[in-house]
Amino acid sequence: MRDAFVQALTALAGTDLRIILLTADLGFGVLTDFATRFPRQFLNVGVAEQNMTGVAAGLALEGRIVFTYSIANFPTLRCLEQIRNDVCYHHANVKIVSVGGGMSYGALGMSHHATEDIAILRTLPNMTLVSPGDRWEVREATKVLVQRPGPAYLRLDKSAAPDAPRAGECFDLDKARKIREGHDITLAATGGILGEAVEAERMLRTKGIACRVLSIHTVKPLDVDSLASAARETGGIISIEEHTVEGGLGSAIAETLLERGVIPGFFRRLGLRSGFAGVGSQEYLRKRYGLDSLAIVDAAVSLLRSGRREVAVVA
Amino acid sequence: MIQPHKECPRPILLDSRELAKRIRIHSLGMTSRGGGAHIGAIFSCADILAVLYAGGLNVRPGDPKWPGRDRFVLSKGHAGGGLYAALAERGFFPLEKLHTHYMDGSDLCGHVSHHNVPGVEFSTGALGHGLSVACGLAYAAKSAGAPHRIFALISDGECNEGSTWEAIAFAAQHHLDNLVGIVDYNKLQGLAPVSEVIELEPFAEKWASFGWCAREVNGHDHASLRQAVQAIPFTHGKPSCVLAHTIKGKGVSFMENTVLWHYRVARGSEYDSALLELEQTA
């Protein structure tokens, strides 16, 4: 996803001189081409995320389209107040990019697990929160974010679902993408973990279970219409995110559907529930915490078996 | 390569002593009516604000977003009342608006905010933000070859924030000689004297060692302040620091040099005595 983003931004920066990419001294080997081709549109601010975000706000107020780039929680939580006050309050045109959403950097340990960022950043006024599921979405979302003024957070994952744009499909940042159609159950995923949902759909199909798979590439604003349709037209919803269940995608879905008065037949949030995650590859950690395709299949089967009115509540 | 800023003459538009006096009197009234917001911190920088808004800054009150304006970021946002008063006196908005300060439904909050307040460049209140933003404004101006200057007024307590030093290092690295950091060095912070909390001395040397050109002035002496502003950049290729030695609560004898008046609101006889002292100022 990272490379897809950099390629997309490189293509855009050549024609739009307002674009400037700030990095907090990360992106070894990845940003070299961009920096060489566009030296006036690239700035390594050093390991100083608070300053990076404040500088970004200042540049944006002078008409630049600013991307701040770092990994894991560094461009988000480390400088959260700068994002809130300097960027969001001023509706500054700053796009925060984090490479390594969820447990992409699983073996590096808890400092590099971005597993609360969605919950925290989606509460910020004026913020658009984009968490693409595949590389096509990354490229398309990058183009849209350049066109759309205002603060945004682009959460990039090391993993990605297979690109699957329909022929002639137009990307709409405000609409969830229906990756598969089905009426037994909806799998609503955000981020690269969409790939696990797609794989789970395939496995469930062999069991005679037809899944609707939604890529919720944009968590804020949330496409409530697509989710309400999913609640009405399918047996129930499983939300899937490489993130704590507290305040993330599943929470956002539950809040908005309940408020709209649309109650799915069943509902379960798949995400992290047990505090800080351990150490290991993204694949290993997904398996360990019940977030891989097999765990999604198990959840779907048990929810369908136990009756459509069950609402799973797990502390 | 970043080009040095070219000096251009700026007319003195108001008498700065008179403006400082009015800033203090307005701020006393605003904080007393509203029931809060940092009178001591306003008084310590009232002369700095007055020199800037009496001609030090190249601004157009009738066209607050004029692209050629000098940018002023009040990083010590808790002195917002002083900036509002300066802007109103300078003609950015009617003086009557000052009466709403700190009141229900007002645009004028205790920490400076730009929404619906013409002339406020940036909203602050949390310390350690303004200098970074000013760096962004200065970098953008340099990149565009624009001749305007960027001023950030920061507090001494704010220099406890690591982010302030991130910005200081950044500005020097990028030779932002269109950037001016003015420190309201009143030597009192939230709970105690600066020297008892986190000593900043040797303060000017710290700025210099980070690559700035620092100049120490009496922050209540208008001639010195004006001279400093007119001499910017002090050195081509370097950001300028005006280390302004000030007195917290300056202008009202019983408010001077006391932490209490960072927070306290003058009421009753205290208000009357303070107003009398300010009105008797030459």
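**Exercises on a predicted two-chain model**

β1(A), helix α2 (residues 32-37) of chain A and β2(A) make up a β-α-β unit that is right-handed, meaning that, with the strands pointing away from the viewer, the path from the first strand over the helix to the second runs clockwise. Helices (H or I, at least four residues) and strands (E, at least two) are DSSP runs, numbered from the N terminus. The model is predicted: local features need pLDDT of at least 70, side-chain atom pairs count only at pLDDT 80 or more, and totals for chains, interfaces and linings use all residues. Residues are numbered from 1 along each chain as its sequence is written, with chains lettered from A and ligands numbered from 1 in the order in which they are written.

**Exercise 1.** Determine which strands pair with β1(A) and in which sense.

*Solution.*
1. Two strands pair if DSSP finds at least two bridges between them.
2. Five bridges link β1(A) to strand β3 (residues 65-71) of chain A in the parallel sense; here A:Ile20 is opposite A:Val66.
3. Strand β2 (residues 42-44) of chain A also runs parallel to β1(A), through three bridges, and A:Asn44 is the bridge partner of A:Thr23.

**Exercise 2.** Establish whether the residues of β1(A) are buried or exposed, and which way they point.

*Solution.*
1. A residue is buried if 20 or more other C-beta atoms lie within 10 Å of its own, exposed if 12 or fewer, and partly exposed in between, with C-beta atoms placed from the backbone.
2. In β1 (residues 19-23) of chain A, five of five residues are buried.
3. A:Ile19, A:Leu21 and A:Thr23 point one way, while A:Ile20 and A:Leu22 point the other.
4. In a regular strand, side chains alternate between the two faces of the sheet.

**Exercise 3.** Locate the largest nonpolar core relative to the domains of chain A.

*Solution.*
1. A nonpolar core is a set of buried Ala, Val, Leu, Ile, Met, Phe, Trp, Tyr and Cys residues joined through C-beta atoms within 7 Å.
2. The largest has 175 residues, and A:Leu22, A:Leu187 and B:Cys135 have the most contacts inside it.
3. Helix α2 (residues 39-56) of chain B gives the most to this core, 13 residues.
4. The core lies between domain 1 (2-156) and domain 2 (177-305) of chain A, because both give residues to it; the domain bounds come from an automatic or database domain assignment.
5. Neighbours within four places in sequence aside, the contacts of B:Cys135 (C-beta atoms, placed from the backbone, within 7 Å) include A:Val55, A:Gly58 and B:Phe170.

Technical notes:
Contact = placed C-beta atoms within 7 Å.
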